[in-house]
Amino acid sequence: MAPKHHPTPLSGSDRKALGKELGKARAMTAILGSQSAEARAKGEALIKQADKLLCESWNEKMWADGGPVDPSPTIDQAVNGGYSWLEIECSRCKTKRDVDLAALRHPPTTSVHDLASRLRCSKCAKAGRRPGATLLQLTGRPRQAPPET
Ligand SMILES: [Zn+2]
């Protein structure tokens, strides 16, 4: 980009004033830029906090009443809030499983409760059944470390 041309004023004092204004504008560029970055960081921290609280609220509801599962946080809200694992239980054989939400191929805007019908129990699938999953809670880490791959 070519440097911006400011027509040089005729009088010496005007030239001095222009120089001062240019200096001020350049200083403001940096100041406003860092204020913007600061405000954005604060905003992101608040959103993270909001996402965390949303997950905790859903967990309390699931623990107390087992539902309704809808509304629930979206996958990206859960991951952003530090709750990137979903504990589920097969509605038929009751096998528990921890699902890594960050590793799912579903769009991140998918609500967690929409996963209930999509997460299949592999044990029951072998027996030719396709029961849905019962959603238990969102957690920060799996109950057991995931098997090494
Ligand atoms: Zn099962």
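Me: What makes β1 and β2 a pair of strands?

Reply: Welcome to this predicted model! β1 and β2 pair over five bridges, in the antiparallel sense. Two strands pair if at least two bridges are found between them, so the five bridges of β1 and β2 meet that rule. As one example of facing residues, E87 stands opposite D98 in β2.

Me: And what makes β1 and β3 a pair?

Reply: The reasoning follows the same path. β1 and β3 run antiparallel and are joined by six bridges. At least two bridges are needed, so β1 and β3 qualify as well. Here I88 stands opposite L135 in β3.

Me: Why are β2 and β3 called edge strands?

Reply: The three strands form an open sheet in the order β2-β1-β3, with antiparallel pairing. β2 (96-100) and β3 each pair on one side only, and that is what the name edge strand refers to. From one strand to the next, the twist averages 30°. As a general point, strands of a sheet pair through backbone hydrogen bonds, either parallel or antiparallel.

Me: Where does K94 lie, and what is unusual about its phi?

Reply: K94 lies in the loop between β1 and β2. The hairpin of these two strands has five residues between them. The phi of K94 is near 70°, which is a positive value in a residue other than glycine.

Me: Is K94 buried or exposed, and how do you know?

Reply: K94 has 9 other C-beta atoms within 10 Å. A residue is exposed if that count is 12 or fewer, so K94 is exposed.

Me: Is A45 buried or exposed?

Reply: A45, which is found in helix α1, has 10 other C-beta atoms within 10 Å. The limit for exposed is 12 or fewer, so A45 is exposed. The C-alpha atoms of A45 and N80 are separated by 10.0 Å, and these two residues are 35 residues apart along the chain.

Me: What makes a group of residues here a nonpolar core, and which have the most contacts inside it?

Reply: The largest nonpolar core has 19 residues. Such a core is made of buried residues of nonpolar kinds joined through C-beta atoms within 7 Å. The members with the most contacts inside this core are C55, A78, L86, L101, V112, L135 and L138. At least two core residues each come from α1 (12-65), α2 (75-80), β1 (85-90) and β3 (133-139).

Me: Which residues does L86 touch?

Reply: Leaving aside residues up to four places away in sequence, L86 touches V99, L101, V112, L115, L135 and L138. A touch here is a contact, with C-beta atoms within 7 Å.

Me: How do you know that the chain is not a compact globule?

Reply: For 149 residues, a compact globule would have a radius of gyration near 15 Å, but this chain has 27 Å. Along its principal axes, the C-alpha trace spans about 90 × 35 × 25 Å. Buried residues make up 18% of the 149 residues. As for contacts with a separation of 6 or more, 67% of them are between residues 24 or more positions apart.

Me: How many helices and strands are there, and in what order do they run?

Reply: The chain has three helices and three strands. Read from the N terminus on, the elements run α-α-β-β-α-β.

Me: Where are the cis peptide bonds at P68 and P71, and what are their omega values?

Reply: The bond from G67 to P68 is cis, with omega near 0°, and P68 lies in the loop between α1 and α2. Another cis peptide bond joins D70 and P71, with omega about 5°. P71 also has its place in the loop between α1 and α2.

Me: What is the confidence of the model, and where is it lowest and highest among the elements?

Reply: On the pLDDT scale, which runs from 0 to 100, the chain has a mean of 93, and 96% of its residues reach 70 or more. Helix α3 (residues 122-126) is where confidence is lowest, at a mean of 90, while α2 has the highest, at 98.

Methods
Residues numbered from 1 in each chain as written. Predicted model: local features only at pLDDT ≥ 70, side-chain atom pairs only at ≥ 80, totals over all residues. Buried ≥ 20, exposed ≤ 12 C-beta atoms within 10 Å, placed from the backbone. Helix = DSSP H or I, 4+ residues; strand = E, 2+ residues; numbered from the N terminus. Contact = placed C-beta atoms within 7 Å. Rg over C-alpha atoms; globule rule 2.2 N^0.38 Å. Axes fitted to C-alpha atoms, helices over the stretch in contact; angles between N-to-C directions. pLDDT = per-residue confidence, 0-100.
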